[in-house]
Amino acid sequence: MNLDKPVKDISITPATSFANLSEQMFESGGFTAQKFSMGVTILRKMFEEKCTNFLSFPACIIATGTRGIIRDLVKNKQFDAVITTCGTLDHDLARIWRDYYHGSWEADDRKLHQEGVNRLGNIFIPNECYGEILESKLMSILEEIYEAGTRRLSTYELIWEIGDRLDDEDSIIYWAARNRIPVIIPGITDGSVGSQIFFFAQDHDLTIDVLKDEKLLSDIVFEAEKTGALMIGGGISKHHTIWWNQFRGGLDYAVYVTTAPEWDGSLSGARVREAVSWGKVREDASYVTIEGDATLILPFIYAGVVQEL
């Protein structure tokens, strides 16, 4: 039993920085606050040591202003590989050409459907701002890529090709292409962009080679001296990140943000400590699971990290 670290009160003044607040949150000993502080410390080490860093997240947060945090992480080259879902492409591209709107959790969903408005949590997305605009814009981009002679490409190469044809610095895809950071979409057909690719391929011999994505991930993990990951939410994005890292003995650093419970046995709810048993995170790794909504936690974590870099 260790009784040499007393709980300390948090004290905030106009001069308090995010970095200082993070340190105080650790000393406060209180629940998720201490985990938050640990997450800031681990991410700072990942960036300072310049290990090979992975970023994984679900598409839903890209429909919100949290997209800006992800964009900046890619723009500032703080991660070497991104693993996400097809919906990330959907929302990032759609928001280049159309706006999403503030909505309400309590809205009448039947009425929204009748009016052609989709609800994502408390975000309203009219049909013309999503599927319709993606269809009208993406087909011409795919045609341009095809006319340039491309017939077979990985998901990260497809994203670079699309990004090279964008002119919007608010876009994640734009910066991924400019910085040649691979964005890998294991479930590329599970979204509007994936559907457009399928429709395009009906009369074009265009092939998405997902095994080429896997070859790149293999090269990355086997060449890395150390690896770290910031994983937001669960599903295929999180699992693909930890799955590949098991082949090098596991992640050296891991920060996981989730709202899911672990008692249902889901991967999304599984704490990082469970991945240690699979060899997907090293036994001596620095890791933490932070329970909470990423749209709240991620901006504060990033603020805490960048003020000390």
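This is a short tour of the structure in your viewer, moving from the whole chain to its cores, helices and loops.

**Before you start**

The model is predicted, so local features need pLDDT of at least 70 and side-chain atom pairs count only at pLDDT 80 or more, while totals for chains, interfaces and linings use all residues. Residues are numbered from 1 along each chain as its sequence is written, and side-chain values use heavy atoms, with hydrogens and water left out.

**Stop 1: the whole chain**

Show the C-alpha trace and turn it along its principal axes: the span is about 70 × 50 × 40 Å. The radius of gyration is 20 Å, which agrees with the value near 19 Å for a compact globule of 309 residues. That radius is taken over C-alpha atoms, and the globule rule is 2.2 Å times the number of residues to the power 0.38.

Now switch to cartoon. You should find 13 helices and 11 strands; these are DSSP runs numbered from the N terminus, helices being H or I with at least four residues and strands E with at least two.

Next, colour by accessibility. Of the 309 residues, 52% count as buried. Here buried means under 20% relative accessible area, exposed over 50%, and partly exposed in between (1.4 Å probe, protein chains only). The accessible surface comes to about 15200 Å², and 51% of it belongs to carbon and sulfur atoms. These areas come from the Shrake-Rupley method with a 1.4 Å probe, and for residues only the protein chains shown count as cover.

A contact map is worth a look too: among contacts with a separation of 6 or more, 71% are between residues 24 or more positions apart. A contact means heavy atoms within 4.5 Å.

For charges, select Lys and Arg as positive and Asp and Glu as negative, leaving out His and the chain ends. There are 30 positive and 46 negative side chains, and the centres of the two sets lie 3 Å apart. Each charge is placed at NZ of Lys, CZ of Arg, CG of Asp or CD of Glu.

**Stop 2: the cores**

In soluble globular proteins, nonpolar side chains tend to be buried together. Select Leu55, Ile70, Leu93, Ile162 and Ile232: they have the most contacts inside the largest nonpolar core, which has 67 residues. Such a core is a set of buried Ala, Val, Leu, Ile, Met, Phe, Trp, Tyr and Cys residues joined through side-chain atoms within 4.5 Å.

Which residues does Leu93 touch, not counting those up to four places away in sequence? Show Leu134, Leu138, Ile162, Leu166, Ile173 and Val193 as sticks to see them. Then select Ala81, Leu216, Ala254 and Tyr256, which are included in a second, separate core of 22 residues.

**Stop 3: three helices**

Go to α7 (155-163). Eight of its nine residues are buried, among them Tyr156, Trp160 and Ile162.

Move on to α8 (residues 172-179), where seven of the eight residues are buried. Ile172, Ile173, Tyr174, Trp175, Ala176, Ala177 and Asn179 make up that set. What do the buried residues of α8 pack against? Display α3, α4, α7 and β7 (183-184) around them.

Now take α9 (residues 192-201), with Ser192, Val193, Gly194, Gln196, Ile197 and Phe200 buried. The cover over these buried residues includes α4 (86-97), α6 (131-147), α7 and β8 (207-208).

Two distances start from this region. Gly131 belongs to helix α6, and its C-alpha is 6.4 Å from that of Ser192, although the two are 61 residues apart along the chain. At the other end of α9, pick Ala201, which is partly exposed at 27% relative accessibility. From its C-alpha to that of Tyr287, 86 residues away along the chain, your ruler should read 43 Å.

**Stop 4: loops**

Lys50 lies in the loop between α2 (31-49) and β1 (52-56). This lysine has a positive phi of about 55° although it is not a glycine, and it counts as exposed at 70% relative accessibility.

Lys77, in the loop between α3 (67-75) and β2 (81-83), also has a positive phi, of about 60°. With a relative accessible area of 56%, Lys77 is exposed.

Finish at Phe247, between α11 (235-245) and β10 (251-258). Is Phe247 buried or partly exposed? At 41% relative accessible area, Phe247 is partly exposed. Its C-alpha is 8.4 Å from that of Gly279, with their positions 32 residues apart in sequence.
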